[in-house]
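Please walk me through this structure in the viewer, one selection at a time. I am new to it and would like to know what to click on and what is found there.

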Amino acid sequence: MSRILLGGLAAIAMLIAGYAYIRAWQEPDPLAALPPPPALAEEEGLPETDPGDMMGPAPPEATELTREQRRFARYDRNSDRLITRTEMMASRSDAFRKLDKDGNNLLTFEEWAVATSNRFAGADANGDGRLTPPEFATTRPERRPASRCRC
């Protein structure tokens, strides 16, 4: 009984496939009705020029920042020309309080520059406006000894 049912389904499937095949031959191809594409004009080749005649746009001019301005900009994360307490590292909060002379929790470039200038003047022992290696060594921050782990 199952063979008869399976044979009948196969015959129906073959009839559907044959009908679809015949219909495909009878329907016109929609692309055949389109006119052929126009012939492309032959190009004469790429134009040739001497690159020495070409002038590109002028490069943008960069302002030369002083070393202190670059250092200040590293801390000024949002570029608003003010360093807030959150922009300074948390471990540097004591140093920040020393630099913030007016106590408004904003460090301006002028406050930063005055503190750095005073630090330089304090390190310049002979007052000649230059730091020798021994004078520069006095500006090194004091390092705390590392605590030993008691594991």
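Leaving aside its neighbours within four places in sequence, which residues is threonine 116 in contact with? Select threonine 116 together with Glu68 and Arg71: these are its contacts once those neighbours are set aside, where contact means heavy atoms within 4.5 Å.

Before going on, a note on the source. This is a predicted model, in which local features need pLDDT of at least 70, side-chain atom pairs count only at pLDDT 80 or more, and totals for chains, interfaces and linings use all residues. Residues are numbered from 1 along each chain as its sequence is written, and side-chain values use heavy atoms, with hydrogens and water left out.

**Stop 1: the whole chain**

Show the protein as a cartoon and colour it by secondary structure. It has five helices and two strands, and from the N terminus on the order is α-α-β-α-β-α-α. Helices (H or I, at least four residues) and strands (E, at least two) are DSSP runs, numbered from the N terminus.

Next, turn on the surface. The protein exposes about 14200 Å², with carbon and sulfur atoms supplying 60% of that area; accessible areas come from the Shrake-Rupley method with a 1.4 Å probe, and for residues only the protein chains shown count as cover. Of the 151 residues, 11% are buried. Buried means under 20% relative accessible area, exposed over 50%, and partly exposed in between (1.4 Å probe, protein chains only). Among contacts with a separation of 6 or more, 26% are between residues 24 or more positions apart.

**Stop 2: threonine 116**

Go back to threonine 116, which lies in helix α4. Threonine 116 counts as partly exposed, at 22% relative accessibility. Draw a distance from its C-alpha atom to that of glutamate 68: the two are 48 residues apart along the chain and separated by 8.3 Å.

**Stop 3: the second largest pocket**

Keep threonine 116 selected and add Arg67, Glu68, Arg71 and Phe136. Of the 16 residues that line the second largest pocket, these five, Thr116 included, are the closest to its centre. About 570 Å³ of space lies in this pocket.

How is such a pocket found? On a 1 Å grid over the protein atoms alone, a pocket is an open set of points with protein on both sides within 12 Å along at least five of seven lines, whereas a cavity is a set of points where a 1.4 Å probe fits but cannot get out; lining residues have an atom within 4 Å of a point. Grid points are joined across faces, edges and corners, and a volume is the space filled by probe spheres set on the points.

Colour α2 and α4, the elements that give two or more residues to the lining. Helix α2 gives the most, with six residues. By class, the lining has six nonpolar, three polar and seven charged residues. Here Ala, Val, Leu, Ile, Met, Phe, Trp, Tyr, Cys and Pro count as nonpolar, Asp, Glu, Lys and Arg as charged, and the others, Gly among them, as polar.

**Stop 4: the aromatic cluster**

Select Phe72, Phe109 and Trp112, which form one aromatic cluster. Rings of Phe, Tyr and Trp (its six-membered ring) pair if their centres lie within 6.5 Å; planes under 30 degrees apart count as stacked, over 60 as edge-to-face and the rest as tilted. By this rule there are two aromatic pairs.

In one, phenylalanine 72 and phenylalanine 109 meet edge-to-face, at 5.5 Å centre to centre and 90 degrees between the planes. This pair links helix α2 (residues 67-75) with helix α4 (residues 109-123), across 37 residues. In the other, the centres of phenylalanine 72 and tryptophan 112 are 6.1 Å apart and the planes are at 75 degrees, so this pair is also edge-to-face. Phenylalanine 72 lies in helix α2 and tryptophan 112 in helix α4, so the pair ties together parts 40 residues apart in sequence.

Are these rings buried or exposed? Phenylalanine 72 is buried at 2% relative accessible area, tryptophan 112 is buried at 3%, and phenylalanine 109 is buried at 14%.

**Stop 5: two loop residues**

Select serine 79, in the loop between α2 and β1 (83-84). Its phi is near 55 degrees, a positive value in a residue other than glycine. Serine 79 counts as exposed, at 60% relative accessibility.

Finish at asparagine 105, in the loop between α3 (93-99) and β2 (106-107). Asparagine 105 has a positive phi of about 60 degrees and is partly exposed, with a relative accessible area of 37%.
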